[in-house]
There are 2 protein chains.
Amino acid sequence: MTTLKNDCFIRALLKQPVGRTPVWMMRQAGRYLPEYRRVREQAGSFMNLCTNPELACEVTLQPLERYRLDAAILFSDILTIPDAMGLGLHFIEGEGPRFSHPIRTEQDIHKLTLPDPEESLSYVPNAVRLIQRELQGRVPLIGFSGSPWTLATYMVEGGSSKDFRKVKTMLYDRPDLLHELLGKLADAVAAYLNAQITAGVDAVMLFDTWGGSLTTGQYQEFSLRYARQIHGQLKLKQADRTLPAILFTKGGGLWLEAMAETGYAALGLDWQTPIADARRRVGDKVALQGNLDPVALYASPATIRTEVNRILTDFGHGSGHVFNLGHGVHPDIPPEHVGAMIEAVHELSPRFHV
Amino acid sequence: MTTLKNDCFIRALLKQPVGRTPVWMMRQAGRYLPEYRRVREQAGSFMNLCTNPELACEVTLQPLERYRLDAAILFSDILTIPDAMGLGLHFIEGEGPRFSHPIRTEQDIHKLTLPDPEESLSYVPNAVRLIQRELQGRVPLIGFSGSPWTLATYMVEGGSSKDFRKVKTMLYDRPDLLHELLGKLADAVAAYLNAQITAGVDAVMLFDTWGGSLTTGQYQEFSLRYARQIHGQLKLKQADRTLPAILFTKGGGLWLEAMAETGYAALGLDWQTPIADARRRVGDKVALQGNLDPVALYASPATIRTEVNRILTDFGHGSGHVFNLGHGVHPDIPPEHVGAMIEAVHELSPRFHV
């Protein structure tokens, strides 16, 4: 492994002392950047961009050229695993992801097989290797996956959903079937993240985008249980380093105590969850990542700076905080507003680390 | 006032002893009922239905013919106030509410005037009087309004929104303007609910549908503050009775302690918030209403019964619980599934009240 020139992101996740609060942004390689839109056009389709390691590498590195970011995140999609399972992922302009062959029957679940990450998903570890060669240790690279519950919602609904009625009807009436699906997905996610680790990522993050749609009992049984299981399967202890893993459940603010008991080094926070309370509730168990309202980036740079300061102040003194948004950046945010956020973290955070 | 023949809904809200847990359902007068769809067709448009007291009365009473419900709720829309302020409410099939004249400028806010509920909104108190004449005290009638924050989101966005970018940009950059708007709306909501009280409703409910999109600090400053102010303006102490008021913030599970300090007799709970924890957190301060996942009604009647039992058991023994969904019923739920829920509450709840 190349030695990291800037390791404050990793250090903050491990709650080791840092000189300032590290910062990166969910969807930092994305549509709000004109240079991204150029590559996206060149690629023809979103999936072409995800599956082409050279192009995925190029867009992964773009935000690092513009901003003083403390981490890069692999450019990919959370739905690569179901696509590799044969569900046929595609994107309809303005409507989000769709599967050509969604889960419709019990048989569809029985016959699902685990994709080999170095075969049908080889474009992902290949992109990781390429990015790390290009990064040369400038900042750490984050690998990621969707959580089993979140993947299952798309696989059963056939795409995005407002109320998750198909997958939740399965949850209510056929929990055995849903557990079969989630168990297979957990194994697939663990293998997928381990392939990213072997290829060289420096940290991993599990995106449980739709965990917040569940009741507390359901969240523990159908989402958190598999997040814990995956953590146990990850090869986080490497010969030369220990990788931190981050768990993010959007809408999971009620469940932080339980999430902090699953082994992950850090929890992602959405913007509704107050970070001062969150820190009090999780104590020394985990680091926290977040949690500026993504919509705050529509406000003026002066307001953005005020909001950044509020979050830094709310977290307070000491290591264990990675600054981020509470969800992905919106595609029509002005790039200079993102810059205002990142610069504010650089300027305002050192006083919390003396 | 007619004496109520069935007052267990009111008694539960006031935490007085009851023989069983009362039950009603958000949007119980609505599209899932074929008899509603017939009247809706006859009315021509949704607004025609809302503004015609005879038709509004008819659909309000429909679910009581089918089910053993413990309350009726006025059939209306949460956006009647902005409509009466001149914003021009209309509904586009499959897309929800729209305003012809949304708030676009500072001047638009300055020139907003308070509608007189007995003038431009007279169809609402007229419907209340008619419904109460027809109900003859069978069960209590609930009046309601949208919260100032929730009304403001539609007025500034021009309709439904996923991320509330316009109204939140105002919140971030021009909080003074937003407070001016919310102050006017709070006065309008209080006058509107007081007109419903004078016309004869037995309880009122404030729907803060979009409070959950805010950070904790914003929720307190831009939503809860006005809910508290409205409660202080309500004429809940009548000569012959005290009316309970219910506050419902969807996505407000993190903020129950603060909500319980605002004077409302009861809090509505969404399905993500565990009712056992909620009861522990609010103590004796308020009653609780909720909180079955609306999607659980797609499941089989046997599963619905299990879920009802789980919620009753989680709340536990004693008064102070009104059974409901955690959000409005979906339009394509089979009516017999709603019946299964209501019957399960009737059959399973008496043992929690002995």
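A nonpolar core is a set of buried Ala, Val, Leu, Ile, Met, Phe, Trp, Tyr and Cys residues joined through C-beta atoms within 7 Å. In this predicted model, the largest such core holds 253 residues, and the members that touch the most others are Ile142(A), Leu267(A), Ile142(B) and Leu267(B). Helix H10 of chain B, residues 175-199, gives the most to this core, with 14 residues. Below is a friendly tour of the core, the chain contact, some helix pairs and a few backbone details.

**The core around Ile142(B)**

- Ile142(B) is one of the four residues that touch the most other members of the largest core.
- If neighbours within four places in sequence are set aside, Ile142(B) contacts Ala71(B), Ala72(B), Ile73(B) and Leu74(B), and also Val201(B), Ala203(B), Val204(B) and Met205(B).

**Where chain A meets chain B**

- Each chain puts residues into the contact: 25 residues come from chain A and 25 residues from chain B.
- On the side of chain B that touches chain A, helix H9 (residues 165-173) gives the most, with five residues.
- That side of chain B is made up of ten nonpolar, ten polar and five charged residues.
- Which residues of H9(B) are buried? They are Val167(B), Lys168(B), Met170(B), Leu171(B) and Tyr172(B).
- These buried residues of H9(B) pack against H14 of chain A, and also against H8, H10 and helix H11 (216-233) of chain B.

**Helix H8 of chain B and what follows**

- Helix H8 of chain B, residues 148-157, is mostly covered, with ten of its ten residues buried.
- The buried set in H8(B) includes Trp149(B), Tyr154(B) and Met155(B), as well as the charged-class residue Glu157(B).
- Gly158(B), just after H8(B), has a positive phi of about 90°.
- In the loop between H8 and H9 of chain B lies Phe164(B), a residue other than glycine whose phi is nevertheless positive, near 60°.
- Is Phe164(B) buried or exposed? Phe164(B) counts as buried because it has 22 C-beta neighbours inside 10 Å, and the cut-off for buried is 20 or more.

**Three helix pairs in chain A**

- *H8(A) with H10(A).* The axes of helix H8 (residues 148-157) and helix H10 (residues 175-199) of chain A come within 9 Å and cross at roughly 120°. The two helices are therefore oblique to each other, and the crossing is right-handed.
- In this pair, Pro148(A), Trp149(A), Leu151(A) and Ala152(A) of H8(A) meet Leu178(A), Leu181(A), Leu182(A), Leu185(A), Ala186(A) and Val189(A) of H10(A). By class, the contact has ten nonpolar, no polar and no charged residues.
- *H4(A) with H7(A).* Helix H4 (residues 53-66) and helix H7 (residues 123-135) of chain A have axes that come within 9 Å and cross at roughly 50°. That angle makes H4(A) oblique to H7(A), in a right-handed crossing.
- The H4(A) side of this contact includes Pro53(A), Ala56(A) and Leu61(A), while the H7(A) side includes Tyr123(A), Leu130(A) and Ile131(A). Its residues divide into eight nonpolar, two polar and two charged.
- *H13(A) with H14(A).* Helix H13 (residues 275-282) and helix H14 (residues 301-315) of chain A pack at an angle of about 20°, their axes 7 Å apart. H13(A) is therefore roughly parallel to H14(A), since angles under 35 degrees count as roughly parallel.
- The crossing of H13(A) and H14(A) is right-handed. Ile275(A), Ala276(A) and Arg279(A) in H13(A) meet Ile311(A), Asp314(A) and Phe315(A) in H14(A), giving four nonpolar, no polar and two charged residues.

**Backbone details to look for**

- Where is the cis peptide bond in chain A? It joins Gly290(A) and Asn291(A), with omega about -5°, and Asn291(A) has its place in strand S10 (residues 287-292) of chain A.
- In chain B, the peptide bond from Gly290(B) to Asn291(B) is cis, with omega near -10°. Asn291(B) is found in strand S8 (residues 287-292) of chain B.
- Gln136(B) is not a glycine, yet has a positive phi of about 50°. Gln136(B) sits in the loop between helix H7 (123-135) and strand S4 (141-146) of chain B.
- Gln136(B) is exposed because 8 other C-beta atoms lie within 10 Å, and a residue counts as exposed at 12 or fewer.

Methods. Residues numbered from 1 in each chain as written. Chains lettered and ligands numbered in written order. Predicted model: local features only at pLDDT ≥ 70, side-chain atom pairs only at ≥ 80, totals over all residues. Helix = DSSP H or I, 4+ residues; strand = E, 2+ residues; numbered from the N terminus. Contact = placed C-beta atoms within 7 Å. Axes fitted to C-alpha atoms, helices over the stretch in contact; angles between N-to-C directions. Parallel < 35°, antiparallel > 145°, perpendicular 65-115°, else oblique. Left-handed = near helix turned anticlockwise from the far one by under 90°.
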